[in-house]
Amino acid sequence: MVFSVFRFGDYLSEYFVCTGCALLCDDIEVDVQENRINTVNAACRKGVARMKGCTDPLVCTVDGKEEGIDKAVQKAASILRDAKNPLIFGHGNSSSEAQKLSIDLAKMTGAYIDDTSSFCQGPLVEAILQEKLKTCTLDDVRHRADVIIFWGADPSNSHPRHLSRYSYYPRGKERQRGWEEDRTLISIDIRRSDTALLCKDERFYRIPISGDAEFMEALVSSLSGKVPKTSFDYEKKRILELSNVLRKAKFGVICAGLGLVYSLEQLDPLFKLMDKLNELSDFHLIPMVGQYNMRGFNHNLFEETGYINRLKFDPQNDEPLHGPEYSIVETLYNKKVDAALIIGSDPLSSLPYSIAQNLKDIPLITIDPCQTLTASRSTVTIPCALGGVEADGTAVRMDGAEVTLKKIIKTDRLTDHEILKMIMEAI
Ligand code: SF4
C-alpha cells in the first residue's frame, strides 16, 4: 500500500534541514511514501542526493563477516581497549551529540582526536573562536551585505544555494533591491569558476597560484593610499578600483574558501587586510565549511579544551597535548597510531595515499551510514542512522549558528551517539 506520512497540508508547513553541506538549508520539504523519501523540494541536486540516502548502505561486520551490532560493539571496544595510541577521527558528518561522546571516549582511552578541519578550514574557525577575525551570520549577510567576496571559493558548485538563499540573489531588510542594484559580487580566484562567471570581467580578479598573500598586501597598500605592488605585475588600476569598492562597502563579507586557506602559510596577511577593511568599513569573514557539522566539532572541542582539533588525551593528565604533531596527518605519517575509530568520514579517500596507506596496517573501526573506502578496509563496520534524515540531533552551520535536525523517516539503525555510548559502556 502506498501512503504519504505527511498530508498535503503538512507538506507545506513542515520543513526539514538538509545535511548535504554546512549551509544546513532549513527550508526543505519532503514527500514520504512507505517510510521512503519520495520527493525532496527546495534542496539543490547535492542535497536531494543526500536526503534520499546512501546508494550503498554500510553493513554491520567484524573481520569482513556480517555480524550483529552487539558483537561488532564488543570487538570495537576490545580494539580500543588494547590500543596504546588509538586515533578517533572524522566527525564532519556526525551530530554534535556524537561529537561530544567522541571527546569523552578519547579522554577515556587516551586517544588522539582530530577532524578534517586540521587540513582545511581549521585555522579560520580557530581565529574566529579566538575572536581574532570578525564574523557574522548568514542571516546578517542576507539582510545587510552589499559587498560579497568569494575568495578561493566557488559556491555555485560547493554550496549550491549559498547565492540564492543568503549572499547574492535574495532581497534583505536593508537590501530590498537585491542583486540587481544593492549587492556587488566579487570573485578572487586562480581560475574562472562558475561563481566568477557571475561576476563578469569587471569584478573577477584572477590571481596566480599562491598569490593570495601578495594580493592581500597590495590591497592593504591601496586601501592605505599607497601604490599597490605585486611581484606578478598585476594591473594597478584594477587593485585601486577594487579597494575603492571595498572602502565604500556598508556591510562587507569575505566568504573564504579552501583556495584561500591552502594558499596562506600563515594568517597574518588576512588579519592585516581585515584590520584595514574594518578601519574604513565594516567587514566580516565566514569560512566556507564543507561537511555539515565540521564546525560543530570545532566548537565542541573548543568548549571542552580550548583547542579545535589535533589533540591527544593522556588519562594520567588533565591537560591534553596539542599541536600539529597530534594531527591525523603527522600521527599517521610517523606511524604513531595503533588503532583508529573513524566516524562520519572517509580518510582513505580524502588523505594523500602516502599518509592514508598507514591506516591499512592497523585495526580500523568505521561508523558511517554509507559504505566508504575506509569501511571496506575496516576490521569492524557499524552502520548508523543518517543525520537529519533518519536521526534527530544538532549541528553547527558554517557561520556558527546551531541548527536542530529532525528525523524524517524511521530506521532500525542506531544513531551515531547511541553506538558510541554502547562502545564506551563495553570498554
Ligand atoms: S546548499 Fe547544501 S544544505 Fe543547501 S540544499 Fe544544497 S547540499 Fe543541502
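In the predicted model, nine strands form an open sheet with mixed pairing, in the order 4-3-16-15-14-5-6-12-13. The edges of this sheet are strand 4 (65-66) and strand 13 (317-322), each of which pairs on one side only. Strand 3 (residues 61-62) runs antiparallel to strand 4, and two bridges join them. Within this pairing, Val62 has Lys65 of strand 4 as its bridge partner.

Two helices were examined for their length and for the placement of their buried residues. Helix 11 (residues 212-223) has twelve residues, which at 1.5 Å a residue should span 16 Å; the C-alpha atoms at its ends are 16 Å apart, so the expected and computed values agree. The buried residues of helix 11 are Asp212, Phe215, Met216, Ala218, Leu219, Ser222 and Leu223. Viewed down the axis of helix 11, these buried residues fall within an arc of 160 degrees and therefore line one face of the helix.

Helix 12 (residues 236-247) also has twelve residues, and the span expected at 1.5 Å a residue is 16 Å; its end C-alpha atoms are 16 Å apart, in agreement with that value. Ile239, Leu242, Ser243 and Leu246 are buried in helix 12. Because these buried residues fall within an arc of 100 degrees when seen down the helix axis, they line one face of helix 12. Lys237 and Asn244, on the other side of helix 12, are exposed.

A further buried position occurs in helix 16 (residues 328-333), which contains Ile328. A residue counts as buried if 20 or more other C-beta atoms lie within 10 Å of its own. Ile328 has 29 other C-beta atoms within 10 Å and is therefore buried. Ile328 and Thr109 are 219 residues apart along the chain, and their C-alpha atoms are separated by 17 Å.

The surroundings of the ligand were also described. There are 13 residues around the ligand, and those that come nearest are Cys18, Gly20, Cys21, Cys25 and Gly47. Sorted by class, the shell around the ligand consists of eight nonpolar, three polar and two charged residues. Both domain 1 (8-51) and domain 3 (122-287) contribute to the shell around the ligand, with at least three residues from each.

Terms used. Residues are numbered from 1 along each chain as its sequence is written. This is a predicted model: local features need pLDDT of at least 70, side-chain atom pairs count only at pLDDT 80 or more; totals for chains, interfaces and linings use all residues. A residue is near a molecule or strand if its C-beta atom, placed from the backbone, lies within 6 Å of it. Ala, Val, Leu, Ile, Met, Phe, Trp, Tyr, Cys and Pro count as nonpolar, Asp, Glu, Lys and Arg as charged, and the others, Gly among them, as polar. Domain bounds come from an automatic or database domain assignment. Two strands pair if DSSP finds at least two bridges between them. Helices (H or I, at least four residues) and strands (E, at least two) are DSSP runs, numbered from the N terminus. The expected span of a helix is 1.5 Å times one less than its number of residues. A residue is buried if 20 or more other C-beta atoms lie within 10 Å of its own, exposed if 12 or fewer, and partly exposed in between; C-beta atoms are placed from the backbone. The arc is that of the directions from the helix axis to the C-beta atoms.
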